[in-house]
Amino acid sequence: MIEAIEIRTVRLPLRAPFQTSNGVSTERELVLVRIAGGGAEGWGECVAEREPTYSSEHSRGAVDVMRSFLLPRLLAAQVRTAEEVAPALRGVVGHPMAKAALELAVLDLVLRRRGVPLAQYFGATRTRIPAGVSVGIQPSVAALLDVVGGFVDEGYRRIKLKIQPGWDVEPVRAVRKKFGDDLPLQVDANAAYDLADAPLLRRLDEFGLLLIEQPLHHDDLYQHARLAEMLTTPLCLDESVVSARSAAAAISMGAASIINVKPGRVGGYLEAKRIHDLAQAHGVAVWCGGMLESGLGRRANIALAALPGFTLPGDTSASDRFYATDLTAPVTLEADGHVLVPSEPGIGATPDPDLLRKFTVDTWSYER
């Protein structure tokens with residue numbers, strides 16, 4: 001089925017610096033995969049960052065592991081469906097983001113040939129979903145209130161604030177005071193705290209947050225379970241959940257009552273759906289997180305988030321939240337704070353060739 005493969009590294013300038021507890025970004029480096037065969041093509045997006053700060057993966061490493069180890073196995077297996085990708089790549093340990101990009105490219109190719117939208121393939125029934133937005137750490141509380149106010153005016157249905165030690169209780173207090181208790185509000189620590197910080201994190205209970213996301217280290221399921229007993233605010237796991245198995249462990253331990261599902265982090269959209277199904281069976285809420293994706297990955301996330309178990313607004317913001325110029329036709333925000341679920345075959349968009357050339361910094365290609 002696979003006749004040609006192309007791997008492109010692109011760099012998209014951000015509209016404004018985006019700061020988390022892991023650092024500050026001014027541009028997003030992404031790895032795109034194009035797989036062609038049978039008169040069609042499919043696209044995948046690897047969400048590994050330029051540096052291994054969010055996870056052990058990084059963009060240059062993803063390109064290398066694809067070329068050296070994953071693609072030879074994918075070609076040797078002669079895969080014909082997306083369901084065959086993960087078994088073909090199982091011999092390579094780790095690298096879920098690189099694997100996810102290849103799986104999505106195959107899935108997009110297959111669905112385009114069949115004329116089936118990604119959301120329909122997942123079994124989604126919604127045609128639009130509420131959009132949330134993630135707000136990075138700001139230089140001052142006043143600046144934070146201005147940024148949040150702009151997103152509220154745009155109609156976003158949920159605000160997520162990035163926090164870190166020294167930037168937590170007071171910024172949250174200020175946002176609550178200015179925008180009121182009715183604003184759906186949550187915080188994300190990106191593993192910046194320790195269990196010893198429980199008294200500090202307990203102070204966030206007074207603000208009626210939807211959740212506190214990943215306050216402790218990614219491999220501290222036990223300590224997350226202990227922290228959950230100390231707080232009234234629900235705990236949500238992000239970096240800790242890398243598969244359906246780890247999601248099951250977290251749920252059984254009481255380490256999370258909510259899970260942030262990021263397809264790249266868990267190895268692909270098929271595994272992400274398994275986590276959705278598992279969580280739904282156990283009454284655990286899920287929402288779809290974002291990794292500053294281009295219009296390709298953003299549309300795929302929206303299709304996934306249209307499944308019924310995604311009961312909380314995710315990081316499914318419009319393209320212009322991060323990019324003045326996206327690689328695809330932009331994802332736009334409806335007047336009432338929703339985004340439309342793509343109805344075109346596959347992901348529902350392809351990169352603009354001129355923009356792709358403009359932002360590409362490296363290309364590798366293969367033909368049979």
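**Close-up views of salt bridges, cores and cavities**

**View A. Asp336 is partly exposed, with a relative accessible area of 35%.** The model shown here and in the other views is predicted. Arg128 is also partly exposed, at a relative accessible area of 31%. Asp336 and Arg128 form a salt bridge in which the closest N and O atoms are 2.6 Å apart. Asp336 belongs to the loop between α12 and β12 (338-340), while Arg128 belongs to strand β4, so the pair ties together parts of the chain that are 208 residues apart in sequence. By the rule applied, the structure contains 20 salt bridges in total.

**View B. The side chains of Asp188 and Lys160 meet in a salt bridge, at 3.5 Å from N to O.** Asp188 is in strand β7 (residues 185-188) and Lys160 is in strand β6 (residues 158-162), so this pair ties together parts 28 residues apart in sequence. Are these two partners buried or exposed? Asp188 has a relative accessibility of 0% and counts as buried. Lys160 is buried as well, with a relative accessible area of 1%. As a general principle, side chains of opposite charge can pair when their charged atoms come close.

**View C. Asp238 and Arg265 form a salt bridge whose closest N and O atoms are 2.4 Å apart.** This pair links distant parts of the chain: Asp238 is in the loop between β9 (235-237) and α9 (244-253), and Arg265 is in helix α10, 27 residues apart. Both Asp238 and Arg265 are buried. Elsewhere, salt bridges that share partners join Arg158, Lys160, Lys162, Asp188, Glu213 and Asp315 into one network. Two members of this network, Lys160 and Asp188, are the pair of View B.

**View D. The largest nonpolar core comprises 77 residues.** Which residues have the most contacts inside this core? They are Ile159, Leu161, Leu204, Ile259 and Leu304. When neighbours within four places in sequence are left aside, Ile159 is in contact with Val133, Val135, Val148, Phe151, Val152, Leu183, Pro184, Leu185 and Gln186. Apart from the largest core lies another one of 34 residues, including Ile2, Ala40, Val47 and Ala105. In soluble globular proteins, nonpolar side chains tend to be buried together.

**View E. The largest cavity has a volume of about 90 Å³.** The structure holds 2 cavities of 30 Å³ or more. Of the 13 residues that line the largest cavity, Glu45, Val47, Pro263, Gly264 and Tyr269 lie nearest its centre. Helices α3 (96-114), α10 (263-266) and α12 (295-305) are the elements that give two or more residues to this lining. Sorted by class, the lining has 6 nonpolar, 4 polar and 3 charged residues. Val47, one of the residues nearest the centre of this cavity, is also a member of the core of 34 residues in View D.

**View F. The second largest cavity contains about 50 Å³ of space.** Its lining consists of Arg126, Ile129, Pro130, Trp287, Cys288, Ala305, Phe310, Thr311, Leu312, Pro313 and Gly314. Strands β4 (128-130) and β11 (285-288) each supply at least two of these residues. How many residues of each class form this lining? There are 8 nonpolar, 2 polar and 1 charged. Strand β4 thus appears in two views: β4 contributes to this lining, and β4 also contains Arg128, the partner of Asp336 in View A.

Technical notes. Residues are numbered from 1 along each chain as its sequence is written. This is a predicted model: local features need pLDDT of at least 70, side-chain atom pairs count only at pLDDT 80 or more; totals for chains, interfaces and linings use all residues. Side-chain values use heavy atoms; hydrogens and water are left out. On a 1 Å grid over the protein atoms alone, a cavity is a set of points where a 1.4 Å probe fits but cannot get out, and a pocket is an open set with protein on both sides within 12 Å along at least five of seven lines; lining residues have an atom within 4 Å of a point. Grid points are joined across faces, edges and corners, and a volume is the space filled by probe spheres set on the points. Helices (H or I, at least four residues) and strands (E, at least two) are DSSP runs, numbered from the N terminus. Ala, Val, Leu, Ile, Met, Phe, Trp, Tyr, Cys and Pro count as nonpolar, Asp, Glu, Lys and Arg as charged, and the others, Gly among them, as polar. A nonpolar core is a set of buried Ala, Val, Leu, Ile, Met, Phe, Trp, Tyr and Cys residues joined through side-chain atoms within 4.5 Å. Buried means under 20% relative accessible area, exposed over 50%, partly exposed in between (1.4 Å probe, protein chains only). Contact means heavy atoms within 4.5 Å. A salt bridge is a side-chain nitrogen of Lys or Arg within 4 Å of a carboxyl oxygen of Asp or Glu.
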